[in-house]
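Q: Hi! Could you walk me through this structure, starting with the core and then some helix packing?

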Amino acid sequence: MKLERSTPLLVVFGVLAALAMWAQHAIIPLTQPHWGLFDYQFDLDVYRAGAQAVLDGDDLYRVKLLGQMDFTYAPISIPFFIPMALLSTGLAHVLWSAGVLVALYGVIVLGFRSLGHRATWRLHLIAVFLVVISLLLEPIRTTIWFGQINVFLMLAILWDLLRGEDSRLRGAATGLAAGIKLTPLLFAVYLLAIRQWRASATLVGAFAATIAVGFAIMPRASWDYWTDTLFDSDRVASPQTAGNQSIRGALANLGHTDHPSTLAWLALSAVVALLGLGAAVLAHRHGSELLALSLVGMTSCAVSPVSWGHHWVWLLPLLIVAIHLVLTLPSVLGRGLVGAAMIGGFAISVAWRHHLAHPIWYVNRAVDEAYLTGMFFKGVGHWYRFFTVQPYNVILVVTAVAVIVVYGFGVGRSTPPADAVTGRR
């Protein structure tokens, strides 16, 4: 069934989008003070305060922003935040939220086009519906609610690395993203693993250029960041924080400690990195580049010292791959298995509400009640905490193992060649 030509599929996605809007409001009303989808954007305010601190001549990595917050991104990020700092708070919030929605739409259209689908009006409308549906996912909802940057970085990386290998600047945008937030450097390792030497070198070169530019425009802040701030991961938050979806966060939360074993973290990270990158290489060799990049993006989240739920926006392109496979796999059994996995993964990634009907201190203020979202809040105090504490790492491991089993061990060799499975023409 051709996604870009099917009116029945368009209707199905439209109905799902309407249901998603109802569910979004049922989980947390859009008009709920502080907790409504567009009502917080505290991280954006931190970005803006950091940019304003630089404009005011303050020490970026020593001054406390908004009373108690630290700036955690590299100096090269400041020029991108200055325009937001020059706007009123209300206008900045509106423009940033609109930008995130547009970026989500761009990721979806780009993802489907990379899988061989033509950008018809039906596909564009389906992409709009999928944006609405994706807002139910905790990483996406939290990205908008906090006013986070991760969707923009993901769009830049996908636009960059889904281009043809003959593009001379392929890797540059990913290097810029790595200059802002270090985790995209893992894509350089992936490019080396698939022997795309020039793209990997371009990525590293662009990353180095961001450091050089940072020193040129903010020498003192750059020195502080690259010699001190970078190595203080606890500056972001305690590793034992509900919602820390990294391997280190899993060790801290399951072990109930703020000082998880560094050796255990490094060892497990090495295993997960090999698993995720190995699966990505196999996906690449079988023509599924979007799946490969999704795996690398998720792996970068897992091995990071601190990785909040909103860092896992890479679940969105993974969802696009799953939808594509459900529509194109020739085997009914294959479509059923992928569909079941997609529904299961979506279900555990939903922004499940955890309501606290009592006052708490949340980040920067006292609130009368809390509407926390994410499965990692649901298991607090229960025996099944071992599963709910890290749902996204579970998705990564299950996806990587499935890719390795199917592509690496030849399960389903009766399926058509890679270009037929991925929909490439």
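**Core and helix packing**

A: Sure! The largest nonpolar core has 128 residues, and those with the most contacts inside it are Trp35, Tyr190, Leu295 and Tyr362. Such a core is a set of buried Ala, Val, Leu, Ile, Met, Phe, Trp, Tyr and Cys residues joined through side-chain atoms within 4.5 Å, where buried means under 20% relative accessible area (1.4 Å probe, protein chains only). This is a predicted model, where local features need pLDDT of at least 70, side-chain atom pairs count only at pLDDT 80 or more, and totals for chains, interfaces and linings use all residues. Residues are numbered from 1 along each chain as its sequence is written, and side-chain values use heavy atoms, leaving out hydrogens and water.

Q: Which helix gives the largest share of this core?

A: Helix α15 (residues 315-328), with 10 residues. Helices here are DSSP runs (H or I, at least four residues), numbered from the N terminus.

Q: And what is Leu295 in contact with, leaving aside its neighbours within four places in sequence?

A: Its partners are Gly276, Ala279, Ala280, Leu396, Thr399, Ala400 and Val403. Contact means heavy atoms within 4.5 Å.

Q: New topic: at what angle do α7 and α8 pack?

A: About 155°, with the axes of α7 (residues 150-161) and α8 (residues 172-180) 7 Å apart. Angles run from 0 to 180 degrees between N-to-C directions, and axes are lines fitted to C-alpha atoms over the stretch in contact. The two are therefore roughly antiparallel (over 145 degrees).

Q: What about α8 and α10?

A: Helix α10 (residues 197-217) packs with α8 at about 40°, with their axes 7 Å apart. That makes α8 oblique to α10.

Methods: Buried < 20%, exposed > 50% of the residue type's maximum accessible area, 1.4 Å probe, protein only. Parallel < 35°, antiparallel > 145°, perpendicular 65-115°, else oblique.
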